[in-house]
Amino acid sequence: MISSQSEQDYQRSASYPSITHALKLLLLEDSEDDALLLLDEIRKAGYTLAVERIETLEALHHRLTSQSWDLVIADYVLPKFTANHALELVQAQGLDIPFIVVSGIMGEETAVSIMRAGAHDYLLKDHLSRLVPAIERELREAEIRRQKRAAEAALRQAYAGLETLVQQRTAELQNANESLKQLAAIVESSNDAIISTTLDGIILSWNRGAEAIYGFSSEEAQGQAIAALLDPPNHQTLALEGTQKVVHQHKNRSLIDVFLTTSPITTSTGQIVGRSWIARDITQLRAVERMK
């Protein structure tokens, strides 16, 4: 293994161009001379290297799990294992690290086999001019894959957040619908007349209480002007605001004493869009009061 001290000594003993890139490299090579040739070729391209030279699978496993690496360069055959074994170990760790095989002798069939197994490139030791271009290409493609995974993860997270938001909004709408149903049931079953109109007094809703008090069905009342329907001749009781005791007219033209509460219907922004009318029939009560 090339120690940190020998690495520094090696750098000081040679003349290199200005350093432009840092590269953490796992070098699977049993030959010291071949290792120095590879490192020299990479440094001449402007890389500063943090290198670990590996000669056993146990050491490779330890270094893969102890920190992150930018690149793996492996001889095809080492005394205790092959590049295939090393590649399988990298893949078993779930790591996406550029893996380049550099060998002294490699037949075409062997090269095709190692590429199919997942190696990113291969080259011969007597053609090291291809080494740096291969490294730069694979580093770029590894970065593209990393960015793609990050984008996909962000997209999945966004979808998950959107799905959660949709579920929350759906639950809120369901709760709101249940509340509206309950309110509608209360309105419909009330003995009081509960009526809504436009600002111009056109009837929009008419509950069963209104049918019982005034004699008009919902179908007859909706779309009619409330003043023309309920106000007796020579009365202007529907012009009143707030809560009052007033006289209305039944469908059969009889007069009805009612306790009437009117109020504006507003939107969430405070805009008045209509009026609500709540009337309670107090005809019998007023009759008793007059008798007393």
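**Exercise 1.** Which elements do the buried residues of helix 4 pack against?

*Solution.* Let's set the ground rules. This is a predicted model, where local features need pLDDT of at least 70, side-chain atom pairs count only at pLDDT 80 or more, and totals for chains, interfaces and linings use all residues. Residues are numbered from 1 along each chain as its sequence is written, and side-chain values use heavy atoms, leaving out hydrogens and water.

Step 1: find the helix. Helices (H or I, at least four residues) and strands (E, at least two) are DSSP runs, numbered from the N terminus; helix 4 covers residues 83–92.

Step 2: pick its buried residues (under 20% relative accessible area, 1.4 Å probe, protein chains only). They are Ala-83, Asn-84, Ala-86, Leu-87, Leu-89 and Val-90.

Step 3: follow their contacts (heavy atoms within 4.5 Å). These lead to strand 1 (21–28), helix 3 (57–66), strand 3 (71–74), strand 4 (99–103) and helix 5 (108–117).

Step 4: look past the end. Gly-94 follows helix 4 and has a positive phi, near 70°.

**Exercise 2.** Which element gives the largest share of the largest nonpolar core?

*Solution.* Step 1: a nonpolar core is a set of buried Ala, Val, Leu, Ile, Met, Phe, Trp, Tyr and Cys residues joined through side-chain atoms within 4.5 Å. The largest one has 23 residues, with Leu-26, Leu-28, Leu-60, Leu-64, Phe-99 and Val-101 having the most contacts inside it.

Step 2: compare contributors. Helix 4 provides the largest share, 5 residues.

Step 3: note the neighbour. A second, separate core of 20 residues includes Leu-23, Tyr-47, Ile-73 and Leu-131.

Terms used: Buried < 20%, exposed > 50% of the residue type's maximum accessible area, 1.4 Å probe, protein only.
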